[in-house]
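Here are a few friendly notes to read with the structure open beside you. Take them one at a time, and find each residue as you go.

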Amino acid sequence: MSVSQLQVPRLAWWRQLCSSSFVVAGITALILWVAVADLLRQGQLGTVLSAGRAELAAPLLIALVVATGICERIWPAERRPVLARGHVQDACYLALHAIVVIPLMTLLSVGAATLIGDYAPWIELRSTATWPGWLLVPLTVVAMDAANWLAHYADHRLDPLWRFHALHHSQEELSVLTSFRAHPLMHTTGFILATIPVMVLMPTRPIAPVLITIYVCVGTLQHANLRWTFGPLGRLIVSPAYHRLHHARDDQALNLGVVLTIWDVLARRARFPARGDAVGRTGLAGRPVPVEQDNSAGPALALLAEQLIEPFAAPRS
């Protein structure tokens, strides 16, 4: 067998990988390394991780998920068994979220803030230190939401990011647990961008943890299997009915809002639901991501591994 023949399998093997996904993974690893190194130097790694868990897995959030799950049984947009495959799979992602993603998100915020502070300290507006809290804090939260909208827009427009975000959109049985159905590497762009307004407006002040928890709660409720439109408030806050339109199979370029709808309105991407609207199907046409609703899908944990590995495979045609 010639040398050229021996090289063919190796070349074919490399062609099965998506280089852009490894770049995203590398950037994420770099940010995490910066965060861990900085926190270890300060002796604050355990304290910061505990604080992040208190914000992102607060009792308020747990209570919201349980209460919403009960409401989904009483007033479902789509009636399903409690142990529908979509619910079971998303429960696996909830466990992954608690074990892996919460520390990851905490460290991404710290790492992004450290890098910005070291290499772009000029973006910090020190004059805001004299601004009243009643003005500065809401302004910062609104700016964070704008950054999250921009990250979400990028997830849909840039293929390297969409390859990770597509997993979230693959769910064909939305529920409150779908909020946790996300590839861990999907969070990198959002946390980098969301850190910027905080560094600009509040470089010397922390945001109260309860505000972060409330923000996360509103963002979690939007995936609920409910017809709730929030009435007039739904013109400002993303509701389950509003966000469900974003998960529709036919047009996912609409309703990109994370908590506030104003960015969709300004970008002319808002479509507000009416109470009597029919419940449309969700998921991705053609099932480019392996899904649990497919008859050939394996056990939940095996499928979880397959879904997490999928973005690193060769780009979909």
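1. Start with the buried side of helix H2. In this predicted model, the buried residues of H2 are Ser21, Val24, Thr28, Ile31, Val34, Ala35, Asp38 and Leu39. Have a look at how their numbers are spaced along the helix. An α-helix has 3.6 residues a turn, so residues three or four places apart point the same way.

2. What covers these buried residues of H2? The cover includes helix H3 (45-56), helix H5 (85-119), H7 and H8.

3. Now follow H2 from end to end. Helix H2 covers residues 19-42, which is 24 residues. From its first C-alpha to its last it reaches 35 Å, close to the 34 Å expected at 1.5 Å a residue. Just after H2 comes Gly43, with a positive phi near 70°.

4. Next, turn to charged side chains. Side chains of opposite charge can pair when their charged atoms come close. How many salt bridges does a search of the whole structure find? The search gives 8 salt bridges, and the next points visit some of them.

5. Glu172 and Arg249 are a good pair to look up, as their side chains meet in a salt bridge at 3.5 Å, N to O. Glu172 sits in the loop between helix H7 (159-169) and helix H8 (187-201), while Arg249 sits in the loop between helix H10 (240-246) and helix H11 (262-266), so this pair ties together parts that are 77 residues apart in sequence. Is each partner buried or exposed? Glu172 is buried, with a relative accessible area of 12%, whereas Arg249 counts as partly exposed at 28%.

6. Glu78 and Arg80 also form a salt bridge, with 2.9 Å from N to O. Glu78 is partly exposed, at a relative accessible area of 26%. Arg80 has 8% relative accessibility and therefore counts as buried, since buried means under 20%. This pair belongs to something wider: salt bridges with shared partners join Glu78, Arg80 and Arg244 into one network.

7. Finally, find Arg126 and Glu124. These two form a salt bridge in which the closest N and O atoms are 2.6 Å apart. Which partner is exposed, and which is buried? Arg126 is exposed, with a relative accessible area of 51%, while Glu124 is buried, with a relative accessible area of 14%.

Conventions
Residues are numbered from 1 along each chain as its sequence is written. This is a predicted model: local features need pLDDT of at least 70, side-chain atom pairs count only at pLDDT 80 or more; totals for chains, interfaces and linings use all residues. Side-chain values use heavy atoms; hydrogens and water are left out. A salt bridge is a side-chain nitrogen of Lys or Arg within 4 Å of a carboxyl oxygen of Asp or Glu. Buried means under 20% relative accessible area, exposed over 50%, partly exposed in between (1.4 Å probe, protein chains only). Helices (H or I, at least four residues) and strands (E, at least two) are DSSP runs, numbered from the N terminus. The expected span of a helix is 1.5 Å times one less than its number of residues. Contact means heavy atoms within 4.5 Å.
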